[in-house]
Amino acid sequence: MSPLRIAMWSGPRNISTAMMRAWENRPDCAVSDEPLYAAYLAMTGADHPGRDEVIAAGETDWRKVADALLGPVPGGRPVWYQKHMSHHLLPGMDRGWIHGLHNVFLVRDPAEVVASYLRSRATVEPADIGLLQQGELFDELAEASGRAPTVIDAGDFLAAPEAHLRALCAELGLAFTERMLHWPAGPRDSDGVWAPHWYEAVWRSTGFEAPAPKAVALDARGQAVAEACRPVYERLRAHRMRP
């Protein structure tokens, strides 16, 4: 049988790395952490933490990345979970290869994303948090397939992770395993070299944790960025999984 290639399209400061942990804890699944990141940095010149290290460690030719993601699965596993940041898809990158993957969209309220992003970065623009690019890709895939791709809302997911994972596994034709709900703390060999800059909370985690309710406080610029992305978030959220 052909391997199942799952592409989870997210933005930064979502639960994307915890989701990768869940899939990596399956014995039948290989994972890849943001394979287009080096190409994105090389093409944009963006000044991200660990930029030079990321570029040195990764593949900067997006075409080679795409070919690899459609090629042999690491370790010969039957399932390959690919964690993608949607803003890594830049103008001029052909997206035809993406249609060969099983695509899922992971979204989060943009005000929460912006607030979290600004705890690690000095500034933020709408294009930085991935929702606008998620909307474009969602529309392209929906038009090509005639149906809306699967969408998972991070807030809903954290309120019922097992129900969502069971529903997603059923959709993918996979058996759910409770191993997806818990994992050992600490770093993984599969983590990108940027992990020390971004993954502190995930390294401490051993499972999905329901966030404590708290008000999100943004300045005028942060609020403007969140509101610029909100229409896309609400449109995609309308298609969210409801297990």
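# Salt bridges and helix packing: a first tour

Trainee: Let's start with R95. In this predicted model, is R95 buried or exposed?

Mentor: The relative accessible area of R95 comes to 14%. The cut-off for that class is under 20%, so R95 counts as buried.

Trainee: Which residue does the side chain of R95 meet in a salt bridge?

Mentor: Look for a carboxylate, because side chains of opposite charge can pair when their charged atoms come close. The N to O distance for this pair is 3.6 Å. The partner is partly exposed, with a relative accessible area of 48%. It's E136.

Trainee: And how many residues apart in sequence are the parts that R95 and E136 tie together?

Mentor: R95 sits in the loop between β3 (79–85) and β4 (102–107). E136 belongs to helix α6 (residues 131–145). So the pair joins parts whose separation in sequence is 41 residues.

Trainee: How many salt bridges does the count come to?

Mentor: R95 with E136 is one pair that meets in a salt bridge, and E125 with R221 form one too. By the rule that nitrogen and carboxyl oxygen lie within 4 Å, the count comes to 18.

Trainee: Tell me about E125, then. How far apart are the closest N and O atoms of E125 and R221?

Mentor: E125 lies in the loop between α5 (110–117) and α6, while R221 is in helix α11 (residues 220–237), so this bridge ties together parts 96 residues apart in sequence. E125 is partly exposed at 39%, and R221 is partly exposed at 42%. Their closest N and O atoms are separated by 2.3 Å.

Trainee: Which residues are linked in a network of salt bridges?

Mentor: Start with R230 and E227, whose side chains meet at 3.2 Å, N to O. Being three residues apart in helix α11, they are separated by about one helical turn. R230 is buried at 17%, whereas E227 is partly exposed at 37%. The network links D109, E227, R230 and E234.

Trainee: On to the helices. Are α6 and α11 perpendicular or oblique to each other?

Mentor: Two packed helices are described by the angle between their axes and the distance between the axes. Here the axes come within 9 Å and cross at roughly 40°. That angle falls outside the under-35-degree parallel class and the 65 to 115 perpendicular class, so α6 and α11 are oblique.

Trainee: How many nonpolar residues does the contact of α6 with α11 have?

Mentor: From α6 the contact includes L131, L132 and F138, and from α11 it includes A228, V232 and L236. By class there are two polar and two charged residues in this contact. The nonpolar residues number eight.

Trainee: Back to the loop between β3 and β4, where H88 is found. Which residues does H88 touch, not counting those up to four places away in sequence?

Mentor: H88 has just 1% relative accessibility, so it counts as buried. Leaving out residues up to four places away in sequence, its contacts are E34, L36, Y37, Y40 and M93.

Trainee: Two of those, Y37 and Y40, are in helix α2 (residues 37–44). Which helices do the buried residues of α2 pack against?

Mentor: The buried residues of α2 are Y37, A38, A39, Y40 and L41. They pack against α3 (51–57), α4 (62–69) and α9 (195–198).

Trainee: Last one: what phi does G45 take just after α2?

Mentor: G45 comes just after α2, and its phi is positive. The value is about 75°.

Methods. Residues are numbered from 1 along each chain as its sequence is written. This is a predicted model: local features need pLDDT of at least 70, side-chain atom pairs count only at pLDDT 80 or more; totals for chains, interfaces and linings use all residues. Side-chain values use heavy atoms; hydrogens and water are left out. Helices (H or I, at least four residues) and strands (E, at least two) are DSSP runs, numbered from the N terminus. Buried means under 20% relative accessible area, exposed over 50%, partly exposed in between (1.4 Å probe, protein chains only). Contact means heavy atoms within 4.5 Å. Axes are lines fitted to C-alpha atoms, for helices over the stretch in contact, and angles run from 0 to 180 degrees between N-to-C directions. Angles under 35 degrees count as roughly parallel, over 145 as roughly antiparallel, 65 to 115 as roughly perpendicular and the rest as oblique. Ala, Val, Leu, Ile, Met, Phe, Trp, Tyr, Cys and Pro count as nonpolar, Asp, Glu, Lys and Arg as charged, and the others, Gly among them, as polar.
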